[in-house]
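Here are my notes after a pass through the model, in the order I'd raise them over coffee. Have the structure open while you read.

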Amino acid sequence: MGGVTSSVAAKMAFFPPTPPSYALVEDAGAGVTTLSGQPHRENVELLRLRTRKGNTLAAMYVRHPDAASTVLYSHGNAADLGHLYQLFLHLSFNLRVNILGYDYSGYGQSSGKRQLTSASENFGAMEEEIILYGQSVGSGPTVDLASRLPQLQAVVLHSPILSGLRVMYPVKRTYWFDIYKNIDKISQVTCPVLIIHGTADEVVDWSHGKQLWELCKEKYEPLWLRGGKHCDLELFPEYIQHLKKFFHTVEKSPSHRQAWRESGDRIEPSRKSTDFFEPSRKSTDQREKSRSTRDRTRNTEHRYSNVEKVDKLKISFDQFEKSRRSVDIFERPKRNIEQLDCGRKSVDRLDRIWAS
């Protein structure tokens, strides 16, 4: 029965762009593969990755010469690598990171039935140098994978969902047939987590991001973008500014990160981009909070003590396949057409802004 439920949910939830927004163009003589409509760049590599089930996933790897971190980006619904090409270049340049993005089976030039899965290869990065980034439906594989990798550097959740069923109905518990269970897995993520959400999100209500933030073990100051919707958060100046601040913090040495926990743990977000936080509590509550913070700090000190001894990360496709059933967004049928255009609109607007 569970398999039937998952199959029905998948048919309702997956909306890959049709037709794909790009093709992979191979130049056998030069030995390079490019994205149709885009010039060859020395720092951009187009890949075809094989999964355990024999499917081929299209992936794009953007290198930065001074990168200290590698971002594994799981994109949202109704989008593929063609829509994300310029965004990946923008993030890599401004954040000084390598970025590996991929298309789920049935999306873009990835083969197989429509389903969300994660995939990666070993690009010489260690686990503590990897930052997982999940946007909307991509929050599923991101949280699932992060809950199983204890030495990750950080996680970014962009307009995330609590669970598929909770997008449709305000249920108070997790049912066996609910296949998108971020709400139950987020507490197992032990690295710093940044959550970004728009206060006017018309697809995944802002309450999803707020509740996930409350459940995080390693809370980082969230970014609540006033008036932000589901597909336009990259257009806000605060978006890239806050990401820079977060990446700078988590890329510091273990001792600096420990000092951040002691001095800035559970910082109340700036009211500049929010409107839901309560007024400051009484001094007694603050002392209680400080004691609680010190206790939590002691419990996490061991996490970074052996960070230099970790071997190079080798994440097999088999491991990533486990994320497959915990992903995507279970959207109301009446929003299907709007969701199909959502990814395209955001990238088009980004192109116009950067071009100007």
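Is F247 buried or exposed? With a relative accessibility of 3%, F247 counts as buried, where buried means under 20% relative accessible area, exposed over 50% and partly exposed in between (1.4 Å probe, protein chains only).

1. Ground rules. This is a predicted model, so to speak with its own filters: local features need pLDDT of at least 70, side-chain atom pairs count only at pLDDT 80 or more, and totals for chains, interfaces and linings use all residues. Residues are numbered from 1 along each chain as its sequence is written, and side-chain values use heavy atoms, with hydrogens and water left out.

2. Confidence. Mean pLDDT (the predictor's confidence in each residue, from 0 to 100) is 75 for the protein chain, with 63% of residues at 70 or more. Residues 4-12 fall below 50, and that stretch has 10 contacts in the model beyond near neighbours in sequence; contact here means heavy atoms within 4.5 Å. Residues 297-341 also stay under 50, and for them the model has 125 contacts beyond four places in sequence.

3. Helix α7. Helices (H or I, at least four residues) and strands (E, at least two) are DSSP runs, numbered from the N terminus. Helix α7 covers residues 237-250, 14 in number, and spans 21 Å from first C-alpha to last, close to the 20 Å expected at 1.5 Å a residue; that expectation is 1.5 Å times one less than the number of residues. Its buried residues are Y239, I240, H242, L243, F246, F247, T249 and V250.

4. Aromatic pairs. There are 8 in the structure. Rings of Phe, Tyr and Trp (its six-membered ring) pair if their centres lie within 6.5 Å; planes under 30 degrees apart count as stacked, over 60 as edge-to-face and the rest as tilted. Y175 and F177 are stacked, at 5.6 Å centre to centre and 20° between planes. Y175 is partly exposed at 28% relative accessibility, and F177 is partly exposed at 31%. F246 and F247 meet edge-to-face, 6.1 Å between centres and 70° between planes, with F246 buried at 0%. Ring pairs also link Y73, F88 and Y133 into a cluster.

5. Lysines over tryptophans. A charge sits over a ring if NZ of Lys or CZ of Arg is within 6 Å of the ring centre and within 35 degrees of the ring normal. K210 has its charged end over the ring of W206, 4.0 Å from the centre. K219 lies over the face of W213, at 5.8 Å from the ring centre.

6. Strand β9. In residues 193-198, 6 of 6 are buried. V193, I195 and H197 point one way, and L194, I196 and G198 the other. Strands pair if DSSP finds at least two bridges between them. β8 (residues 154-158) runs parallel to β9 with 4 bridges, V155 being partnered by V193. β10 (residues 223-225) is also parallel to β9, joined by 3 bridges, and there G198 has L225 as its partner.

7. Positive phi. Most residues other than glycine have a negative phi. R96 has phi near 55°; R96 sits in the loop between α2 (81-95) and β6 (98-102) and is partly exposed at 48%. S136, also not a glycine, has a phi of about 55°. S136 is in the loop between β7 (130-135) and α3 (139-146), and is buried at 1% relative accessibility.
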